[in-house]
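Please read the following explanation with the sequence and the structure side by side. It goes from strand pairing to packing.

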Amino acid sequence: MTVRVLTTGGTIASRPAPDGSVTVALGGAELVEAAPVREILRKHSFAFTGSDLLTIAREVLAETAAGDAVVVTHGTDTMEETAYLLDLVNPPAPVVLTGAQRHAGEPDSDGPRNIADAILVAGSAAARGLGPLLVMDGRIHAARQAVKAHTQAPDAFRSFGGPIGEVRRDEVRIWSTPQRPPGFPIPAELPRVDIVTSYVDAGGEQLAACRAAGAAGVVLEALGVGNPTPGLLAEVRTCLDAGLPVVVTSRCAGGPTAAVYGSGGGADLKAAGALMAGPLPSSKARILLSVALASAAVHRLPEHFR
């Protein structure tokens with residue numbers, strides 16, 4: 001199996017500028033010499049748009065359609081969103097995303113090792129059938145589960161189910177298989193979905209502003225197990241009455257949302273028609289809702305919240 005590398009920029013392709021700021025500077029050929037490589041974007045992932053994510057997804061689908069495995073180098077800031085979008089559109093061959101926390105101008109840059117590990121995983125028989133993966137600092141994460149949990153550590157990503165494997169001394173070890181509900185066709189565009197978070201005394205003004213600005217759906221990052229403030233609950237009901245789907249995640253670092261509490265809690269959100277996202281974090285719930293809206297398949301969301 002051929003492993004092809006698609007580069008998009010990010011810290012892994014960055015060097016310091018004369019003023020000390022770190023900018024994307026390296027092309028794909030400068031990053032990788034051990035595999036066929038093609039540059040499709042050259043920018044920091046914090047500047048990515050939904051259109052950029054779809055560009056990456058279309059390129060990956062085109063490469064994997066021929067049976068080739070793909071490695072995507074990517075900035076770590078939004079890598080979890082691209083990885084999850086790829087998981088939802090279901091490429092037919094292994095796909096591995098990787099990046100770096102230390103730029104290419106640093107003597108201990110983690111980029112070369114991460115690229116080597118990613119190519120090893122993508123070409124491994126053990127990676128087949130697992131869906132898109134994210135490889136950083138020797139850890140192998142399932143795309144659906146991985147989130148960036150540290151701003152600077154080389155081992156920046158965590159998974160709510162733990163990593164599914166590791167690369168140890170050039171050996172790929174897989175110890176669990178991720179659950180992957182049926183995917184969706186790749187959309188022509190990603191409808192706008194906004195995220196609004198909760199805090200003490202939060203009113204409904206931000207949700208109302210999202211609705212007025214044309215959001216097609218909203219993710220409410222609720223308190224605890226999925227509880228809103230009174231002001232948020234009132235505006236969620238208004239959004240639902242207006243036909244905007246509302247998905248409820250938690251601002252907690254771990255654990256699922258569930259309709260447990262009444263008296264204005266998550267049970268009232270569910271009774272109003274909001275959907276509990278289970279263990280999905282806000283970044284992924286937003287991608288999922290957008291893809292489902294594009295496919296007129298919001299009714300399929302609960303199978304992705306388990």
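The paragraphs below take up the sheets, the nonpolar cores, the helix pairs and one buried aspartate.

The model shown here is a predicted one. Strands of a sheet pair through backbone hydrogen bonds, either parallel or antiparallel, and both kinds of pairing are found in what follows.

A parallel arrangement is seen in the open sheet formed by four strands, whose order is 13-14-15-16. The edges of this sheet are strand 13 (193-197) and strand 16 (275-276), each of which pairs on one side only. Strand 14, covering residues 217-222, and strand 15, covering residues 246-250, are joined in the parallel sense by five bridges, and valine 219 has valine 247 in strand 15 as its bridge partner. Against this sheet packs helix 6 (residues 230-241), which touches strand 13, strand 14 and strand 15, and the direction of helix 6 makes about 150 degrees with that of strand 15.

Antiparallel pairing can be followed around strand 11 (residues 165-168), which is joined to strand 8 (residues 139-142) by two bridges and to strand 12 (residues 171-174) by four bridges. Glutamate 166 is a useful residue to follow here, for it is the bridge partner of arginine 139 and also stands opposite arginine 173 in strand 12. Strand 11 and strand 12 form a hairpin with two residues between the strands, where arginine 169 takes a positive phi near 50 degrees.

Turning to the interior, the largest nonpolar core has 42 residues, and those with the most contacts inside it are Val60, Val72, Leu85, Val247 and Leu288. Val247 has already been met as the bridge partner of valine 219. At least two residues of this core come from each of helix 2 (50-64), strand 5 (69-73), helix 3 (79-89), strand 6 (95-98), strand 7 (133-136) and helix 8 (282-294), with helix 3 giving the most, namely seven residues. The surroundings of valine 60 can be listed in detail: leaving aside residues up to four places away in sequence, valine 60 touches Leu6, Val70, Val72, Leu86, Pro91 and Val95. There is also a second, separate core of 21 residues, which includes Ile115, Val121, Ala127 and Val135.

How do the helices that supply the largest core lie against one another? Two packed helices are described by the angle between their axes and the distance between the axes. For helix 2 and helix 3, the axes come within 10 Å and cross at roughly 50 degrees, and the two helices are therefore oblique to each other. Their crossing is right-handed, and the contact is made by Leu53, Leu54, Ile56, Ala57, Val60 and Leu61 of helix 2 together with Glu81, Thr82, Leu85, Leu86 and Val89 of helix 3. Helix 3 also packs with helix 8, their axes coming within 9 Å and crossing at roughly 40 degrees, which makes helix 3 oblique to helix 8. This crossing of helix 3 and helix 8 is likewise right-handed, and here Glu80, Glu81, Tyr84, Leu85 and Leu88 in helix 3 meet Ser283, Lys284, Ile287, Leu288 and Val291 in helix 8.

A last residue to consider is aspartate 117, which lies in helix 4 (residues 111-122). Is aspartate 117 buried or exposed? Its relative accessible area is 4%, and since burial is taken as under 20%, aspartate 117 is buried. Not counting residues up to four places away in sequence, aspartate 117 touches Val135, Gly138 and Val167, and of these, Val135 has already appeared in the second core.

Terms used:
Residues are numbered from 1 along each chain as its sequence is written. This is a predicted model: local features need pLDDT of at least 70, side-chain atom pairs count only at pLDDT 80 or more; totals for chains, interfaces and linings use all residues. Side-chain values use heavy atoms; hydrogens and water are left out. Two strands pair if DSSP finds at least two bridges between them. Contact means heavy atoms within 4.5 Å. Axes are lines fitted to C-alpha atoms, for helices over the stretch in contact, and angles run from 0 to 180 degrees between N-to-C directions. A nonpolar core is a set of buried Ala, Val, Leu, Ile, Met, Phe, Trp, Tyr and Cys residues joined through side-chain atoms within 4.5 Å. Buried means under 20% relative accessible area, exposed over 50%, partly exposed in between (1.4 Å probe, protein chains only). Angles under 35 degrees count as roughly parallel, over 145 as roughly antiparallel, 65 to 115 as roughly perpendicular and the rest as oblique. A crossing is left-handed if the near helix is turned anticlockwise from the far one by less than a right angle, and right-handed if clockwise.
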